[in-house]
Amino acid sequence: ATDGSQLWFTNQQLSPKVKTAIPTTVCIQEESATFKIIKEELAKSFPALGVGDVSFTKKSTKNIVLIGTADSKAIASMVSEDEFAKLGDDGFLIRRKQGDGTILIAANTEFGALYGVYEFLRLLKTSATDLVEIDRVEIPSYQRRILNHWDNLDGTVERGYAGYSIWKWDELPGTISPRYEAYARANASIGINGTVLNNVNANPDILTKDYLEKVKVLAGIFRPYGIRVYLSVNFSSPKELGGLENSDPLNDQVKSWWNDKADEIYAMIPDFGGFLVKANSEGLPGPQDYGRTHADGANMLADALAPHGGIVMWRAFVYNPDGDDRAKQAYKEFVPLDGQFRKNVIIQLKNGPIDFQPREPFSPMFGAMKHTTLMPEFQITQEYLGFSDHLVFLSTLFEECLDTDTYAEGPNTTIARITDGEVYNDSITAIAGVANIGEDTNWCGHHFAQSNWYAFGRLAWNNKLSSAEIANEWLEQTFTQDADFVAQMKRVMLQSREAVVNYMTPIGLHHLMGWSHHYGPEPWCEVPGARPDWLPTYYHKADSMGIGFDRSTTGSEAVLQYAEPLRSIYDNVSTCPEMYLLWFHHLSWDYVLHNGNTLWDELCYKYSSGVDRVKVFQKIWDRMEGKVDAQRFKEVQAKLAIQATEAIWWRDACLLYFQTFSGKPIPEELDRPVHV
Ligand code: GCU
């Protein structure tokens with residue numbers, strides 16, 4: 001199919017590098033639902049790839065693909081206990097046994113074996129290796145690699161741009177959409193092993209018996225793919241569902257309500273993952289309603305789940321406009337609670353201090369809570385980055401955050417190392433991505449938006465992968481291995497995030513999007529009823545003197561939440577990285593940047609360069625005609641046309657608006673605004 005429904009399973013061609021013969025006899029000595037999936041994958045892929053028809057055997061001979069765990073005698077004799085010990089639960093090794101041609105895929109668990117098989121198939125389809133001397137061990141960076149669906153029980157998706165939810169709650173548990181298994185397969189193929197099914201703005205009904213029956217069915221479909229189900233819960237559930245007087249976490253009746261609920265869930269879903277909680281944020285209930293802390297709330301839920309092995313992911317996205325700089329709020333509420341959370345609580349933290357902007361500096365909570373387990377939350381759905389209309393490869397955004405050095409324990413305390421357990425030795429490690437999946441035929445609305453789901457999974461598996469590698473393998477599996485196509489489109493993908501930063505919010509600007517919908521430009525926001533921090537100029541503070549939010553020590557002092565030397569680097573206008581300049585400083589329109597341009601001129605150049613980049617993307621894509629199927633070619637072309645128009649819309653809206661403050665002309669050599 002050329003409609004995108006097959007995701008990255010589209011291109012079934014053997015990579016040109018795989019010259020060596022691949023054995024067509026596959027030895028699997030174990031039996032389970034997961035091993036059955038492994039067999040089906042190979043039985044499907046081998047003929048499609050031109051390797052040949054597979055024959056399965058339980059007898060270990062020469063020149064075979066041998067797959068399994070230590071429970072398989074053939075495997076146990078080839079892999080030492082030491083080697084197994086290193087692999088952990090989900091890790092695997094792939095090794096070509098020299099001499100007889102056998103390819104060994106071994107793991108401690110059947111899920112590790114499944115991941116190994118997907119990796120093996122990825123290697124066959126991409127140009128990553130020739131497989132002749134393959135000998136690699138893969139161990140995931142995070143134990144829990146989780147998608148967060150912001151899907152509502154009525155079928156809508158909050159910030160979803162690919163149609164309605166894939167969960168058909170009204171049809172479940174009786175009717176089962178084939179999409180459920182396709183979803184599980186896609187996730188398993190990139191190592192995702194958890195899914196939160198419902199919106200963080202949680203409807204209490206998800207915990208009713210009726211809904212749990214539906215959840216149970218989904219959990220059953222996902223289980224052999226190694227995927228656990230989690231649920232977002234509403235903190236007021238005991239009151240709303242249980243009819244209790246309140247939902248105070250220190251109330252014994254409330255505690256027993258949650259204990260009973262946990263027992264009920266685990267009786268139905270023994271491998272249930274746990275709860276995700278958004279509390280005391282954007283009007284949702286939480287422990288603070290009763291004068292209690294986030295720790296009181298999270299610990300009560302954690303105690304209910306602990307006997308069953310469940311975890312609580314407690315979100316630090318607390319947003320209640322309070323007059324102070326919004327960027328400081330989460331840190332102010334959470335850092336004082338460091339050390340007070342139970343072992344099975346993990347604080348889920350958006351990458352930036354505000355809200356999934358095209359670019360933000362990292363949230364200063366990373367590194368500031370040394371006795372609390374933290375997990376990053378990325379947004380795969382493009383709430384602030386052009387929905388499913390703009391081609392934006394988010395891998396570079398995720399990578400930028402993970403690679404950022406917080407200096408919390410001196411140099412090289414990167415967010416990757418803080419969250420994957422290397423720095424603080426956390427017993428649980430996890431990472432979350434807000435899904436961009438819906439019922440659209442191509443799953444994500446834009447063919448290239450699939451790459452963001454893919455990239456999240458790959459980085460959750462290995463937070464050291466580069467975006468270039470990820471783009472490469474995604475393009476090859478999704479479209480073609482044509483070297484020119486891959487090289488050109490990889491460049492487009494890698495430049496796409498910087499382009500959107502430039503045409504929307506360059507030089508550290510942020511939150512210029514329209515109130516509520518977050519789609520187009522509205523730096524003048526004048527909507528009655530908008531939150532106080534959305535009022536005109538809250539985020540950009542433009543005036544006749546200049547532009548930017550002073551978060552330095554002369555302003556809101558948000559810089560003080562960062563460790564040294566970052567605090568001083570960000571605080572000082574001449575050392576502050578220019579990409580964060582107007583995030584941390586209010587500067588005059590005539591301020592001169594390192595390249596000699598005034599701030600006003602630089603703003604004009606940046607907006608224009610964002611627009612120009614998109615025009616280049618269009619030209620490159622146009623040249624790809626014939627290299628990809630006509631359907632996806634046309635659909636991507638149409639989306640790029642929207643993006644190009646809207647990049648101009650952004651540039652013109654922002655520059656013409658800011659010009660009312662700066663009073664300066666747009667440099668002669670740049671295109672004139674078309675929207676006047
Ligand atoms: C953003 C988004 C909301 C969402 C919230 C959250 O503010 O616009 O729709 O509920 O983030 O992450 O909880």
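A salt bridge is taken here as a side-chain nitrogen of Lys or Arg within 4 Å of a carboxyl oxygen of Asp or Glu. The pair Lys-606 and Glu-602 meets this rule, with 3.8 Å from N to O. The model discussed here is predicted, and this pair is a convenient place to start reading it. Both residues belong to helix H18, which covers residues 599–623, and they sit four residues apart, about one turn of the helix. Their surroundings can be described as well. Lys-606 is partly exposed because its relative accessibility is 29%, whereas Glu-602 counts as buried because its value is 7%.

Salt bridges also share partners in this model. One network formed in this way takes in Glu-119, Arg-122, Arg-136 and Glu-138. Within it, Glu-138 is found in strand E6, which spans residues 135–138. At 13% relative accessibility, Glu-138 is classed as buried. Its side chain makes a polar contact of 3.4 Å with the side chain of Arg-136. A further polar contact, of 2.8 Å, joins the side chains of Glu-138 and Trp-461. With neighbours up to four places away in sequence set aside, Glu-138 is in contact with Gly-91, Phe-92, Glu-119 and Trp-461.

By the same rule, the count of salt bridges comes to 40. Among them is the pair of Arg-292 and Asp-248, whose side chains meet at 2.8 Å from N to O. This pair links distant parts of the chain, its members being 44 residues apart. Arg-292 lies in the loop between strand E10 (274–277) and helix H9 (294–305), while Asp-248 lies in the loop between helix H7 (237–240) and helix H8 (252–268). Arg-292 is partly exposed because its relative accessible area is 26%, and Asp-248 is buried because its relative accessible area is 10%. Glu-282 and Lys-278 provide another example, their side chains meeting at 2.6 Å from N to O. Here Glu-282 counts as partly exposed, with 30% relative accessibility, and Lys-278 counts as buried, with 4%. As general background to these pairs, side chains of opposite charge can pair when their charged atoms come close.

The arrangement of domains comes next. The protein chain is divided into domain 1, residues 7–138, and domain 2, residues 144–478. Taken over C-alpha atoms, the centres of the two domains are separated by 31 Å. Contact between them involves 22 residues of domain 1 and 24 residues of domain 2. Together the two domains bury about 2,200 Å², with 56% of this area on carbon and sulfur atoms. On the side of domain 1, Leu-7, Trp-8 and Arg-122 lose the most area to domain 2, and together they make up 36% of what that side buries. Arg-122 is also one of the residues in the salt-bridge network described above.

Polar and charged pairs also cross this interface. Two salt bridges are counted between domain 1 and domain 2. Arg-145 forms a salt bridge with Asp-90, and their closest N and O atoms are 2.7 Å apart. Across the interface, 11 residue pairs are found in polar contact, with both residues at pLDDT 80 or more. Helix H1 (33–49) and helix H4 (110–125) each supply at least two residues of the side of domain 1 that touches domain 2. The largest share of that side comes from H4, with seven residues. By class, the side of domain 1 that touches domain 2 is made up of 10 nonpolar, five polar and seven charged residues.

A last local view concerns Ser-232, which is placed in strand E9, residues 228–233. Ser-232 counts as buried because its relative accessibility is 0%. The side chain of Ser-232 reaches the backbone oxygen of Asn-199 at a distance of 3.5 Å. Apart from residues up to four places away in sequence, Ser-232 touches Val-196, Asn-198, Asn-199, Val-200, Ala-202, Ile-206 and Leu-276. Asn-199 thus appears both as a residue touched by Ser-232 and as the one whose backbone oxygen is reached by the serine side chain.

How values were computed: Residues are numbered from 1 along each chain as its sequence is written. This is a predicted model: local features need pLDDT of at least 70, side-chain atom pairs count only at pLDDT 80 or more; totals for chains, interfaces and linings use all residues. Side-chain values use heavy atoms; hydrogens and water are left out. Buried means under 20% relative accessible area, exposed over 50%, partly exposed in between (1.4 Å probe, protein chains only). A polar contact is a pair of N or O atoms within 3.5 Å; within protein, one must be able to donate a hydrogen and the other to accept it, and residues adjacent in sequence count only if both atoms are side-chain atoms. Contact means heavy atoms within 4.5 Å. Domain bounds come from an automatic or database domain assignment. Buried area is the accessible area (1.4 Å probe) that two parts lose on being put together, summed over both. Ala, Val, Leu, Ile, Met, Phe, Trp, Tyr, Cys and Pro count as nonpolar, Asp, Glu, Lys and Arg as charged, and the others, Gly among them, as polar.
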